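Me: I'd like to learn how to read a fold by going through one example with you. Could we start with how the helices are arranged?

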Amino acid sequence: MVRGMKLRRKRMKISDDSGFLALVDPDAYQGFVDEDWQYDELLARFRSEMQLKHALVWGTGAEGMWRVVVRSMKECSGFRQILGPIVVSAGRLLITNYESLTMAAQFEDVSLPEEHEAGQVIEVPSGGY
């Protein structure tokens, strides 16, 4: 999934009720926008965090339950792909959905990963990918 990343293959299922998934550095990602955020403000936050290399956000093309397999780029082929830089600051990445991103955007005390996302954390060496 990420070039240069050495990791064991990891499989998970992630719900997607809104057509977006994301790979984020939960230790660097600044999710809070405002208690009454507007959609354009949220998209601006996504763009900003992507420019800072804290996140990659992509459209899935459909709502539903997604089976995600995380593996090295050499083995990569899939229904959808996203390419872009990301920096791992503390040895972990999170695959998350729009619903968790919006919770973090609306509530300052919500941090990622949320409790129910513990199985969606991937341990990787810190650094740029």
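Me: How are helix 1 and helix 2 oriented to each other, roughly parallel or roughly perpendicular?

Reply: This is a predicted model, so let's read its geometry in that light. Crossing angles of 65 to 115 degrees count as roughly perpendicular. Here the axes of the two helices come within 11 Å and cross at roughly 100°, and therefore helix 1 and helix 2 are roughly perpendicular to each other.

Me: Which residues meet where helix 1 and helix 2 touch?

Reply: A general idea helps: an α-helix has 3.6 residues a turn, so residues three or four places apart point the same way. In this case Tyr 39, Leu 42 and Phe 46 come from helix 1, and they meet Tyr 98, Leu 101, Thr 102 and Ala 105 of helix 2. By class, the residues of this contact are six nonpolar, one polar and no charged.

Me: Which residues of helix 2 are buried, and what do they pack against?

Reply: Buried in helix 2 (residues 98–106) are Tyr 98, Ser 100, Leu 101, Thr 102, Ala 104 and Ala 105. Their packing partners are strand 2 (20–24), helix 1 (39–51) and strand 6 (92–97).

Me: Which residues touch the most other members of the largest nonpolar core?

Reply: In soluble globular proteins, nonpolar side chains tend to be buried together. The largest such core here has 17 residues, and those touching the most other members are Val 24, Tyr 29, Trp 37, Leu 42, Phe 46, Leu 101 and Leu 112. Strand 2, helix 1, strand 3 (55–59) and helix 2 each give two or more residues, with helix 2 giving the most, four. A separate second core of 14 residues includes Ile 14, Leu 56, Val 68 and Tyr 129.

Me: In what order do the strands of the open sheet lie?

Reply: Strands of a sheet pair through backbone hydrogen bonds, either parallel or antiparallel. Four strands form this open sheet in the order 3-2-6-7, with antiparallel pairing. Strand 3 and strand 7 (121–123) stand at the edges with a single partner strand each, so one side of each has no neighbour in the sheet. Strand 2 and strand 6 pair over four bridges, and Leu 23 stands opposite Ile 95 in strand 6.

Me: Where do the helices sit on those strands?

Reply: Helix 1 lies across strand 2 and strand 3, at about 130° to strand 3. Helix 2 packs on the sheet too, touching strand 2 and strand 6, and its direction makes about 100° with that of strand 6.

Conventions
Residues are numbered from 1 along each chain as its sequence is written. This is a predicted model: local features need pLDDT of at least 70, side-chain atom pairs count only at pLDDT 80 or more; totals for chains, interfaces and linings use all residues. Side-chain values use heavy atoms; hydrogens and water are left out. Buried means under 20% relative accessible area, exposed over 50%, partly exposed in between (1.4 Å probe, protein chains only). Contact means heavy atoms within 4.5 Å. A nonpolar core is a set of buried Ala, Val, Leu, Ile, Met, Phe, Trp, Tyr and Cys residues joined through side-chain atoms within 4.5 Å. Axes are lines fitted to C-alpha atoms, for helices over the stretch in contact, and angles run from 0 to 180 degrees between N-to-C directions. Angles under 35 degrees count as roughly parallel, over 145 as roughly antiparallel, 65 to 115 as roughly perpendicular and the rest as oblique. Ala, Val, Leu, Ile, Met, Phe, Trp, Tyr, Cys and Pro count as nonpolar, Asp, Glu, Lys and Arg as charged, and the others, Gly among them, as polar. Two strands pair if DSSP finds at least two bridges between them.
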